[in-house]
Amino acid sequence: MSRDAQGQGRADVAALEAAAFERLRNDVDLLASSLGDVIREQEGEAVFDTVERVRALTKHRRAAETAAREAGERPRSADRDDETTASLRALVDELDLPTAERVLRAFTLFFQLVNVAEQIHRVRVNRLREGAASAEAPRSESIAAAIARLRDDGWGHAEVRALLDELDVQLTLTAHPTEVKRATVRRSLERIALRMRDLGERQLAPPARSAAKAAVVAEIATMWQTRELSERRPTVLDEAEGALGYVRRSLLEAVPRLMGDLEDALRTAFDDPLEEPLPPVLRFRSWIGGDRDGNPNVTPDVMRAVYARHAELALDAHIAGVDALHDALSQWEQRVHVDDAFAADTLRAEARFGHDERHQHEPFRRRLATTRTALASERRRAGVDTDRAHGGAEGGAPGGGRAGEKVVPGETPERGADAYLHDLAELERALHGARAGRAADAFVRPLRYAAQATRFHLAPLDVREHSGAHERAVADLLRRAAVSDEYGELDEAARVALLVSELEHPRPLLRPDDPMDDEARLALDTLEVVGHVRKRFGAEAFGNYVVSMTEGVSDVLEVLLLAKQAGVGGIDVTPLFETETDLDAAPAVLDALLSLPVYRRHVSSRGVQEVMIGYSDSNKDVGFLAANWALHEAQRGLAAVAREHGVALRLFHGRGTSIGRGGGPAGAAILAQPAGTLSGRMRMTEQGEALAERYADPDLAHRHLEQVLHAFVLASARDARGIDDMAPEHGAALSAAAAASRAAYRGLLESEGFLDFFHAVTPIEEISRLDVGSRPARRRGDRSLANLRAIPWVFAWTQTRANLPGWFGLGSGLATIDDERLIEMVRTWPFLASVLDLAAMSLAKADLGIFRAYLDLVPDDLRGRFWPLIRDEHALSVERVELATGKRLEAHDTTLQRGIALRNPYVDPLSFLQVALLRRLRAAPADAPSDAPAEGAADTLIDATGSTAARSGSAERGELEEAVLVSLLGIAAGMRTTG
């Protein structure tokens, strides 16, 4: 393609994207005006006018800030309010509780609707860019671009195929409580999105357009009348069902689509015929229903139910796929030649599963009828008594109704996923032999890829448990078996020696019916579920056993001893290193583990050693820069140890959604991994709100996953060529910077009074009361930062708009590196460039002008002690990041900056309202009414009708608490992140 043609193509795409942005503005206008109509209708003009007054003040406040930034001026001092801010805070402080609650609801619902419009816009832009791509100019960050890059870098066809055959990226769904919207609200928003897509993408007749708009307004009106907060804390099964909704909606389609992209890329780059499917490159796993760490609600019974639900969903998908094939493959035996092998295979299957008399002269439908009957039988074994098949019509479900009922009375023999994959392979082969290759490629190959990825278990379910629980369980078993009365008091070397001795001994410690403590019984019951599931659904249905807070070799061996006692062999144990201390020790622990003959034999039989590294707790432990460096060095060390022992290593990255927990663009993060640490294998978590952000729409899911695979292919190719990108002197400089950053961060957290400051300045106590996840916000123990989980820690700082976990200590660390060296390190080292890009995003989102309002909640002595530290470190961090990268913060991600500029005027009222409500709530006695305004506010209040009235004292404390919790949801929606 000529440069002129490329330039014209870019111009055409830019014009189309500009038009798409106008459609976004139109969508937002429609949704906002509909919300305004609902507020007027439901609450009256006075409330609507109050919302508009608040909005006008916040827009004016931000407009002045934008003008100053465009003029090249620094933001105004965060130490004082300007006149507009003072007016806005005064207005908010004087609102009575009913009006304040309605204003909160208005802005919260506005952001939820805007998020819907932006999601639709992302889909439109993705389609435009995908449509503008070509074989000669593939879309950036696509699979085609990755394969073309390898070809252009000199990789041959055989080399690329060998690389792809070994690739294994696994994304793990988790149920961390970061999705704060009720399922009811999410479903309403999904229905609004469908209506808005119809309005924007279909040529509707005027009556149909009117009906669609009316439906949107009706949904908004219903949401206005719907409680934002859940009536109860979700159960583990609720969380599992929520995540499986995304699997159903997007992921079952995305995986075969991505594999098709990979096939197309190989054909384009190397003319690869691809007669057989590629090995699965991308697979999914789950923790939802197996993550026991700190969650007593994950019981063995819950695990069984989640495994069954996985199998049901997988088999439903396979049955639906076979039904679609049955409908499509209607070839008549007089017009196609079916070879003897396929005909004989069909007769054997019919002898086992029955004969489909309706389609006896349509050979492919005959074979699919037996496949469907086998799948339906498998589904009943998964725990369902009835089959929801549709029946009867020509081309419909084979067998004429419920699968198996007409063809075979009673139950049919169990076959398993391998037999199903064999059926599809034989069908594809027979179609090609019958000169029906187009049908084989279009209809059967995608189903084979879906079946490869999900089999009959959908996604392997991991178990995770805290190392302390295993220690207590093992100590009880050893004591009752008269092996050791003091296991808990032994040092690490003595523990390891004792555990190795017991693992070498074939006898169990106790009989199954012997008495034991509840914790030991629970550990064994959990493992017995694992054994049952592997027997029922296949060995691959269970994933790994993850050990939280791994500190030594004994933490891994304890799980193997418990598995031996439970009669479950051959499980993969994944040590999870979370704190900086544990990350530093991780390579030595792995070395010692692999040096034990009993464990080395175990790993050799399993094929790969997985090690998980935690981004959340390490960041909470030592701060952003020190945690990133500890993670970097741990990965390098673990990879070196595995190479020395000749063991295949798979690193499992426990990344969150926020930058303070390892979040950010997944593709950029993969490319920035230390050289030599991927080797074609990787796992990552997909947590909470990320599921809705990435997988609510099939097109968005496809784009996210292709970006992941693009980066994974290129990073794995880099590792295969042995390219290292870190100069030793750069590593030494960053190590010193990380130490200085850690000192600044720990100095803040360990300062006298910081815990009280944190509880005063953030809504952490209120967050703890949100019923958004099945797991408590704290681990067992007293009120301390150590027992607080990383998610609520980040959530609390995000609510205040400080985003402190994403940057504090960074400036102090970077200040230890001289300017020229720092600039050179960023220019030549992808890891540091990526870290500072993420830091720039976090700093750009931080708004200390808003955060200062939260300081009003803090006693004077604590405010005077901690505010200068936070303010000065933020300024230093901004200064060093901008110097290092040569860019202002807003230049790092112009899309992000535009989003911040558009959203801030509407998030600000929520923040100021939250501060006012928190002040009232904390000042009110626990058993007293709570609608008094802030100290110093006027004696009269603006009520919901716009008239003034004396304090009524009628609002109960519960109503005020409810309003505060709604404010948490609103700010989370506005910031598009929680923790």
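These legends describe close-up views of a predicted model.

**View 1. The whole chain, for orientation.** The chain holds 36 helices and ten strands. Of its 979 residues, 59% are buried. Contacts between residues at least 6 apart in sequence are dominated by distant pairs: 83% of them join residues at least 24 apart.

**View 2. Helices α13 and α14 pass each other roughly antiparallel.** Helix α13 spans residues 417-433, and α14 spans 437-454. Their axes come within 9 Å and cross at roughly 165 degrees. Because the angle is over 145 degrees, α13 counts as roughly antiparallel to α14. The crossing is left-handed. From α13, the contact uses Tyr 420, Leu 421, Leu 424, Ala 425, Leu 427, Glu 428, Leu 431 and His 432. From α14 come Gly 437, Ala 440, Asp 441, Val 444, Arg 445, Leu 447, Arg 448, Ala 451 and Gln 452. Sorted by class, this contact has ten nonpolar, three polar and four charged residues.

**View 3. Leu 431 is a buried residue of helix α13.** Its relative accessible area is 0%. Since buried means under 20%, Leu 431 falls in that class. Leu 431 and Val 444 are 13 residues apart in sequence. In space, their C-alpha atoms are 9.3 Å apart. Val 444 is also among the residues that Leu 431 contacts, leaving aside neighbours within four places in sequence. The others in that set are Leu 329, Gln 331, Phe 364, Ala 436, Gly 437 and Ala 440. Of these, Gly 437 and Ala 440 also belong to the α14 side of the helix contact.

**View 4. Arg 435 sits in the loop between α13 and α14.** Its phi is near 55 degrees, a positive value in a residue other than glycine. Most residues other than glycine have a negative phi. Arg 435 has 82% relative accessibility. Exposed means over 50%, so Arg 435 counts as exposed.

**View 5. Ser 679 is another non-glycine residue with positive phi.** The value is about 55 degrees. Ser 679 lies in the loop that runs between α23 (666-671) and β8 (681-687). Its relative accessible area is 40%. That figure lies between the 20% and 50% cut-offs, so Ser 679 is partly exposed.

**View 6. Helices α15 and α18 cross obliquely.** Helix α15 covers residues 467-480, and α18 covers 553-566. The axes come within 9 Å and cross at roughly 50 degrees. That angle makes α15 oblique to α18. The crossing is left-handed. On the α15 side, the contact is made by Ser 467, His 470, Glu 471, Ala 473, Val 474, Leu 477 and Leu 478. On the α18 side, the residues are Asp 555, Glu 558, Val 559, Leu 561, Leu 562 and Gln 565. Seven of the contact residues are nonpolar, three are polar and three are charged.

**View 7. Helix α5 carries several buried residues.** The helix spans residues 143-152. Its buried residues are Ile 143, Ala 145, Ala 146, Ile 147, Ala 148 and Leu 150. Their cover includes α6 (157-166), α9 (236-270) and α25 (698-720). Just after α5, Gly 154 takes a positive phi of about 100 degrees.

**View 8. Arg 703 is a buried arginine in helix α25.** Helix α25 is one of the elements covering the buried residues of α5. Arg 703 has 9% relative accessibility. That is under the 20% limit, so Arg 703 counts as buried. Its side chain reaches the backbone oxygen of Glu 141 at 3.4 Å. Not counting residues up to four places away in sequence, Arg 703 touches Asn 126, Arg 139, Ser 140, Glu 141 and Ser 142.

**View 9. Gln 799 is a buried residue of helix α29.** The helix spans residues 790-799. At 1% relative accessibility, Gln 799 counts as buried. Its contacts include Pro 763, Ile 767, Tyr 854 and Gln 914, not counting residues up to four places away in sequence. Gln 799 also touches Ser 967, Leu 968, Ile 971 and Ala 972.

Terms used: Residues are numbered from 1 along each chain as its sequence is written. This is a predicted model: local features need pLDDT of at least 70, side-chain atom pairs count only at pLDDT 80 or more; totals for chains, interfaces and linings use all residues. Side-chain values use heavy atoms; hydrogens and water are left out. Helices (H or I, at least four residues) and strands (E, at least two) are DSSP runs, numbered from the N terminus. Buried means under 20% relative accessible area, exposed over 50%, partly exposed in between (1.4 Å probe, protein chains only). Axes are lines fitted to C-alpha atoms, for helices over the stretch in contact, and angles run from 0 to 180 degrees between N-to-C directions. Angles under 35 degrees count as roughly parallel, over 145 as roughly antiparallel, 65 to 115 as roughly perpendicular and the rest as oblique. A crossing is left-handed if the near helix is turned anticlockwise from the far one by less than a right angle, and right-handed if clockwise. Contact means heavy atoms within 4.5 Å. Ala, Val, Leu, Ile, Met, Phe, Trp, Tyr, Cys and Pro count as nonpolar, Asp, Glu, Lys and Arg as charged, and the others, Gly among them, as polar. A polar contact is a pair of N or O atoms within 3.5 Å; within protein, one must be able to donate a hydrogen and the other to accept it, and residues adjacent in sequence count only if both atoms are side-chain atoms.
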